[in-house]
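Subject: The structure I promised you

Hi,

Here is the structure we talked about, for you to open alongside this note. Once you have it on screen, read on for what turned up.

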Amino acid sequence: DVVVYFFGYRHPFSNFYKTSFTICGRSYSCVEQYYQATKARHFNDNETATEIMQTYNPAEMKELGKNVRDFKSQQWDYNTSKEVMRRAQLAKYRQNSNLSRVLLKTKKALLVEANPNDFFWGAGTTEEDARSKGNIFPGHNYMGRLLESVRANL
């Protein structure tokens, strides 16, 4: 089986990758901005949402998102976060044909976010370590699975 690993803000599959899209009349500079601003709005922290929308630095967006007031991880981390991310990814690829072509070129490959620090969205390991273990990794790789689902939708 073919496996495509991705990691880092320069990779087009990254949430930090700069590409604009619009959801509900609002424009976003990258998936991270939509995800973190939506998280802030979900918990009625409009001040943080505004700060997230005013920066163009995805790392700063992520940091701001870590400080959302009244954040409750059990209310966000599973179903809600996945649905928000799905909405962002669908918009990103449907509104940017150059990126949808890149995603479609992966055909039926297994997509894996090789983030050694993320066991939820990522594989919880580096590409090198996963390959050395026969493409086995400890993380859930929800981002890779989500992108495979988006690919099937395109």
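Let's start in the loop between helix 7 (127-132) and helix 8, which is where you will find N135. Please keep in mind that this is a predicted model. N135 has a positive phi of about 60 degrees, although N135 is not a glycine. As general background, most residues other than glycine have a negative phi. With a relative accessible area of 27%, N135 counts as partly exposed, since the buried class ends at 20% and the exposed class begins over 50%.

K107 is another one to look at: its phi is near 50 degrees, again a positive value in a residue other than glycine. K107 sits in the loop between helix 6 and strand 4. Its relative accessibility is 64%, so K107 is classed as exposed. You can add N44 to your list too; N44 follows helix 1 and has a positive phi, near 55 degrees.

Now for helix 8, which covers residues 142-153. Its 12 residues reach 16 Å from the first C-alpha to the last, close to the 16 Å expected at 1.5 Å a residue. The buried residues here are Y142, M143, G144, L146, L147, E148, V150 and R151. They pack against two strands, strand 1 (3-6) and strand 4 (110-113), and against helix 5 (79-94) and helix 6 (97-104).

The pairing of helix 8 with helix 5 is worth a closer look. Their axes come within 10 Å and cross at roughly 45 degrees, which makes helix 5 oblique to helix 8. The crossing is right-handed. On the helix 5 side the contact involves K82, M85, R86, Q89, L90, Y93 and R94, and these meet Y142, M143, L146, L147, V150 and N153 of helix 8. Sorted by class, the residues of this contact are eight nonpolar, two polar and three charged.

Next, helix 1. Helix 1 also has 12 residues and reaches 16 Å between its first and last C-alpha, close to the 16 Å expected at 1.5 Å a residue. Helix 1 is mostly covered, with 10 of its 12 residues buried. Among them are V31, Y34, Y35 and T38, along with E32 and K39. The cover over the buried residues of helix 1 includes strand 2, strand 3 (26-28), helix 2, helix 3 (58-65), helix 4 (73-76) and helix 5.

How do helix 1 and helix 2 pack? Helix 1 (residues 31-42) and helix 2 (residues 46-54) have axes 7 Å apart, at an angle of about 165 degrees. The two are therefore roughly antiparallel, and their crossing is left-handed. Q33, Q36, A37, A40 and R41 from helix 1 meet N46, T48, A49, I52 and M53 from helix 2. That contact holds five nonpolar, four polar and one charged residues.

One last stop is F16, in the loop between strand 1 and strand 2 (21-23). Leaving aside neighbours within four places in sequence, F16 is in contact with Y9, C30, E32, P58, A59 and K62. For a pair to display, try F16 and E51: they are 35 residues apart in sequence and 17 Å apart in space, C-alpha to C-alpha.

Happy browsing, and do write back with any questions!

Best wishes

Key: Residues are numbered from 1 along each chain as its sequence is written. This is a predicted model: local features need pLDDT of at least 70, side-chain atom pairs count only at pLDDT 80 or more; totals for chains, interfaces and linings use all residues. Side-chain values use heavy atoms; hydrogens and water are left out. Axes are lines fitted to C-alpha atoms, for helices over the stretch in contact, and angles run from 0 to 180 degrees between N-to-C directions. Helices (H or I, at least four residues) and strands (E, at least two) are DSSP runs, numbered from the N terminus. Angles under 35 degrees count as roughly parallel, over 145 as roughly antiparallel, 65 to 115 as roughly perpendicular and the rest as oblique. A crossing is left-handed if the near helix is turned anticlockwise from the far one by less than a right angle, and right-handed if clockwise. Contact means heavy atoms within 4.5 Å. Ala, Val, Leu, Ile, Met, Phe, Trp, Tyr, Cys and Pro count as nonpolar, Asp, Glu, Lys and Arg as charged, and the others, Gly among them, as polar. The expected span of a helix is 1.5 Å times one less than its number of residues. Buried means under 20% relative accessible area, exposed over 50%, partly exposed in between (1.4 Å probe, protein chains only).
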